[in-house]
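This report describes one protein structure for a reader who has not met it before. Please look at the sequence and the structure first.

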Amino acid sequence: MEQMGLHEQEKIWSLDSEFLSTQFENLEIKSPMNRFFSGNQPAINNSSPLESICENKAVMDNKQNQLPSFVPAIRSGEWSDIGGRQYMEDTHVCITDMAKKFGYHFHDEEAISFFGVFDGHGGKDAAHFVRDNLPRVIVEDANFPLELEKVVRRSFMETDMKFAKTCAIQSALSSGTTALTAMIFGRSLLVANVGDCRAVLSRLGVAVEMSKDHRPCCTKEKKRIESLGGYIDDGYLNGQLGVTRAIGDWHIEGMKMKEIGEEQIGPLSAEPELKLITLTKDDEFLIIASDGVWDVFTSQNAIDFARRRLQEHNNVKLCCKEMVEEAIKRRAMDNLTIVMVCFHSEPPPHVVVHSRSRIRRSISAEGLQSLKCLLEG
């Protein structure tokens, strides 16, 4: 099993109060990270920014749940399995305090936790490289931790460039990976996604998707690809890849190109889509999983399954293990990785979720996702 920061026990720690505003774009404060670095930090310019998803706080926040008394109690667990594949190309990371992990200390600022799932293709090296390097690149950015949205977007693309340089020296490492990360700071949750891993939040038992799968069936992705000289052939990007955004894959001709200033242009993008929300007491837990899990679970089905297990034993790691085992029973054929982050020390309450139709459904999870892509396009 390939993994990093695997918790033998569930990690529990409290984040006492919010120390950052979720409106990072308005901050113009010089980062204290400058105490540790000299010279200019590399910057990735993007002439045509891709879509960033950021919920309107005024709309999403329930005023009654925004009382200062709400303090997320973070517990996490994870589990992986090779599934029906010959090789394990998934990996993941769980870091309780990013600054402390990499030897930096900021006065009067609380811990920022980091969780990620990386699903490699064409080998495991890209996934391992991103797992090992992306968190450090984020922490070492001059604007960390004050402008996290900008920092995360820039760090994804910088990590992609670093991997390109590594592969230029060691061609045997050439491969690609999807990447989905979640950062928690105070009561804020920031999710960044490249590829088809998925993050789903349980809000009083209702599934709230925190990411969009980047697949060729999505109309918006198809338009972006075609505007950059790419094409979709039989459901694959340039007839070769089943995802439209990924880190790596520099060895595949026509996917990515470098120009002056190392600005990336090409149909395969490493720029993440972001989603930022403020957690409330109604937010129970977050599931981050590789696409092998979502091939056999819908988002709501995964939330329902996890809630039942947590209500039974309230063991996050065991819940992840049981979900992976259930995916295998459902004949999942891909590698399987799940990271789960709970925001309460107590198990989810027994609540009555919206009534659902009892009509039998025959569409697969994969087919449902493809249909959703078309409808959202």
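The text below goes through the largest pocket, the salt bridges, two buried polar residues and the cysteines.

The model is predicted, so local features need pLDDT of at least 70 and side-chain atom pairs count only at pLDDT 80 or more, while totals for chains, interfaces and linings use all residues. Residues are numbered from 1 along each chain as its sequence is written, and side-chain values use heavy atoms, with hydrogens and water left out.

**The largest pocket**

The largest pocket has a volume of about 700 Å³. A pocket here is an open set of points on a 1 Å grid over the protein atoms alone, where a 1.4 Å probe fits, with protein on both sides within 12 Å along at least five of seven lines; lining residues have an atom within 4 Å of a point. The volume is the space filled by probe spheres set on the points, which are joined across faces, edges and corners. The lining holds 24 residues, and those closest to the pocket centre are Arg 85, Asp 196, Gly 242, Asp 291 and Asp 334.

Strand β4 (112–121) and helix α9 (365–376) each supply at least two lining residues. The most comes from β4, with 3 residues. Helices (H or I, at least four residues) and strands (E, at least two) are DSSP runs, numbered from the N terminus. By residue type the lining divides into 6 nonpolar, 9 polar and 9 charged. In this division Asp, Glu, Lys and Arg are charged, Ala, Val, Leu, Ile, Met, Phe, Trp, Tyr, Cys and Pro are nonpolar, and the others, Gly among them, are polar.

**Salt bridges**

A salt bridge is a side-chain nitrogen of Lys or Arg within 4 Å of a carboxyl oxygen of Asp or Glu. The count comes to 18 salt bridges. The table gives examples.

| Acidic residue | Basic residue | N to O distance |
|---|---|---|
| Asp 132 | Arg 131 | 2.8 Å |
| Asp 141 | Arg 154 | 2.9 Å |
| Glu 326 | Arg 330 | 3.0 Å |

Asp 141 lies in the loop between α3 (125–139) and α4, and Arg 154 in helix α4, so their salt bridge ties together parts that are 13 residues apart in sequence. Asp 141 and Arg 154 are both buried, where buried means under 20% relative accessible area, exposed over 50% and partly exposed in between (1.4 Å probe, protein chains only). Asp 132 is partly exposed at 36% relative accessibility, whereas its partner Arg 131 is buried at 9%. Arg 330 is partly exposed, at 29%.

**Two buried polar residues**

Arg 154 sits in helix α4 (residues 148–169) and has a relative accessible area of 18%, so Arg 154 counts as buried. Its C-alpha is 8.0 Å from that of Glu 271, although the two residues are 117 apart in sequence.

Asn 314 is in the loop between α7 (299–313) and α8 (316–329). With a relative accessible area of 19%, Asn 314 is buried. A polar atom of the Asn 314 side chain lies 3.0 Å from the backbone oxygen of Ser 345.

**Cysteines**

How many disulfides does a search of the whole structure find? The search finds 0, a disulfide being a pair of cysteine sulfur atoms within 2.5 Å. Cys 320 is in no disulfide, and the nearest cysteine sulfur, that of Cys 319, is 5.8 Å away. Cys 320 is buried, at 0% relative accessibility. Cys 197 is also buried, at 0%.

Definitions and conventions: Polar contact = N/O pair within 3.5 Å; in protein donor to acceptor, adjacent residues only side chain to side chain.
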